[in-house]
Amino acid sequence: MKVTAGGAWLHLKSRVPMASSSSRDIRNPKVQLPEKTRKTRILVLGGTGRVGESTAIALSKLCPELRLVIGGRNREKGAAVVDTIGGDSKFSEVDIDNPKSLEAALSAVDLVVHVAGPFQQTENCPVLEAALKTKTAYVDVCDDMNHAFRAKSFNDKAVAANVPAIITGGICPGVSNVMAAELVRAATSESKGKPERLRFFYYAAGTGGAGPTTLVTSFLLLGEEVVAYNKGKKIKLKPYSGMLNIDFGRGIGKRDVYLMNLPEVRSAHEFLGVPTVSARFGTAPFFWNWGMEAMTSLFPPEFLRDKSKVQELVQMFDPVVRAVDGISGEHMSMRVDLECTNGCNTVGIFSHQRLSVSVGVAAAAFVLAVLEGSTQPGVWFPEEPEGIAIEAREVLLKRAAQGTINFMVETDPKELGLGIHV
């Protein structure tokens with residue numbers, strides 16, 4: 001059965017109509033969905049990990065009557081997450097490497113949130129393929145360029161299957177893409193000149209409380225050449241080089257950030273049409289940055305691209321990392337800067353005290369956007385209007401920004417009062 005929602009068509013195996021987004025939702029932490037929508041079945045794949053648990057908790061708080069399924073391999077951890085969430089939730093044992101296991105799990109739900117990273121150094125997109133085969137709506141929090149564009153290649157199949165899919169729908173990438181899209185839209189519509197340069201800056205203290213998977217991801221990215229764009233030309237740079245000292249504003253201050261190979265660079269270049277794009281990331285304490293930079297020289301790229309070897313390395317570092325995390329905290333920030341041809345510069349800032357919480361809230365915001373009909377059938381990056389409709393961006397950003405210590409998308413060039421001038 002096909003049902004319409006907010007101008008988009010969404011196939012739901014539970015055969016219930018979805019609600020259209022409304023500005024009334026953005027002030028109320030709980031999203032008021034129609035009665036038939038409140039029991040939509042959602043599988044959080046990787047739900048026993050820190051990001052997965054955070055996503056499930058955020059969804060349960062935003063929409064308490066959603067029927068959440070915590071998918072993973074560890075039944076004991078799954079039971080603990082279910083106890084935390086309560087309500088009409090349950091655990092399902094799912095093996096991401098077993099197609100039959102995946103298809104069986106996805107056949108029983110209406111939407112899957114894929115948070116079972118790391119996404120680096122993967123050869124295929126088994127969860128997305130299973131979602132298309134079972135006609136299950138899809139959201140992932142992928143942060144790897146190769147995986148993301150491999151997923152994008154399934155766009156035509158998703159359209160044919162009438163399945164809406166959002167890729168890179170986390171916080172960075174994810175929310176940062178939508179912030180960039182809004183800066184570009186405002187610059188274009190308000191005749192502030194043609195977008196010329198877009199820069200993504202990210203900061204997280206330690207692992208941000210997101211656990212070993214975050215560290216594995218970071219180490220794997222050190223083995224990848226950085227793709228950036230300069231005046232329309234694709235360039236490749238050394239990972240964790242090109243340090244800049246960036247002011248993230250209130251609560252975070254100035255932090256050193258380094259070049260990283262992230263999917264939003266290519267997607268923003270291709271779908272927002274910005275000729276010069278780059279992304280940088282930094283962490284704290286400062287010696288972690290030194291260590292990351294040193295690793296690119298001490299270890300050959302082949303070692304840093306070997307997932308099994310990197311996971312062994314992370315296990316060695318894990319006790320030290322956890323100890324330092326306990327001291328450094330887990331605050332995070334992202335800043336998106338857009339420069340236009342007429343000298344007009346605009347900026348977006350998003351800062352939170354707990355990355356492990358904010359990433360779950362961000363993923364939940366993308367899930368709700370899909371459920372409310374914002375996403376057309378196909379595979380979309382967040383900045384594409386077929387993925388997150390232009391009129392739905394404000395609601396998504398305000399939902400994702402719950403609990404932030406600093407959030408703004410400033411399209412009027414002026415002194416911002418944050419120690420930042422644009």
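What share of the 422 residues of the protein count as buried?

**Figure 1. The whole chain, for orientation.** This is a predicted model, and 59% of its 422 residues count as buried. The protein has 14 helices and 18 strands. If you look at contacts with a separation of 6 or more, 72% of them link residues 24 or more positions apart. On the outside, about 17000 Å² is exposed, and carbon and sulfur atoms supply 51% of that.

**Figure 2. Glu264, a buried acid without a salt bridge.** Glu264 belongs to helix H9, which covers residues 263-271. Its side chain is worth a look: Glu264 is buried, yet has no salt bridge. The nearest side chain of opposite charge is Arg266, and that one is 12 Å away. So who does Glu264 touch, leaving aside neighbours within four places in sequence? The contacts are Cys172, Pro173, Ser176 and Asn177, plus Phe200 and Tyr202.

**Figure 3. Cysteines that stay unpaired.** The count of disulfides in this structure is 0. Take Cys125: the nearest cysteine sulfur belongs to Cys142 and is 7.9 Å away, and Cys125 is in no disulfide. Cys125 is also buried, with a relative accessible area of 3%. Then there's Cys344, whose closest cysteine sulfur, in Cys340, is 5.3 Å away. Why is there no bond between Cys344 and Cys340? Because a disulfide needs the two sulfur atoms within 2.5 Å, 5.3 Å is too far for a bond. Cys344 counts as buried too, at a relative accessible area of 10%.

**Figure 4. A nonpolar patch on the surface.** Three residues, Phe286, Phe287 and Trp290, make up this patch. Together they have about 370 Å² of accessible area. Zoom in on Phe287, which sits in helix H10, residues 286-298. Is Phe287 buried or exposed? Neither label fits: with a relative accessible area of 37%, Phe287 is partly exposed, because that class lies between the 20% and 50% cut-offs.

**Figure 5. Glu391, out on a loop.** Glu391 sits in the loop that runs between strand S17 (378-380) and helix H14 (393-400). Glu391 is exposed, with a relative accessible area of 63%, so it clears the cut-off of over 50%. For a sense of the fold around this loop, pick out Ser374 as well. Glu391 and Ser374 are 17 residues apart in sequence, and their C-alpha atoms are 8.8 Å apart in space.

Notes: Residues are numbered from 1 along each chain as its sequence is written. This is a predicted model: local features need pLDDT of at least 70, side-chain atom pairs count only at pLDDT 80 or more; totals for chains, interfaces and linings use all residues. Side-chain values use heavy atoms; hydrogens and water are left out. Helices (H or I, at least four residues) and strands (E, at least two) are DSSP runs, numbered from the N terminus. Buried means under 20% relative accessible area, exposed over 50%, partly exposed in between (1.4 Å probe, protein chains only). Patches are made of residues with over 30% relative accessible area and no salt bridge: like charges are joined within 9 Å, nonpolar side chains (Val, Leu, Ile, Met, Phe, Trp, Tyr) within 5 Å. Accessible areas come from the Shrake-Rupley method with a 1.4 Å probe; for residues, only the protein chains shown count as cover. A salt bridge is a side-chain nitrogen of Lys or Arg within 4 Å of a carboxyl oxygen of Asp or Glu. Contact means heavy atoms within 4.5 Å. Lys and Arg count as positive and Asp and Glu as negative; His and the chain ends are not counted.
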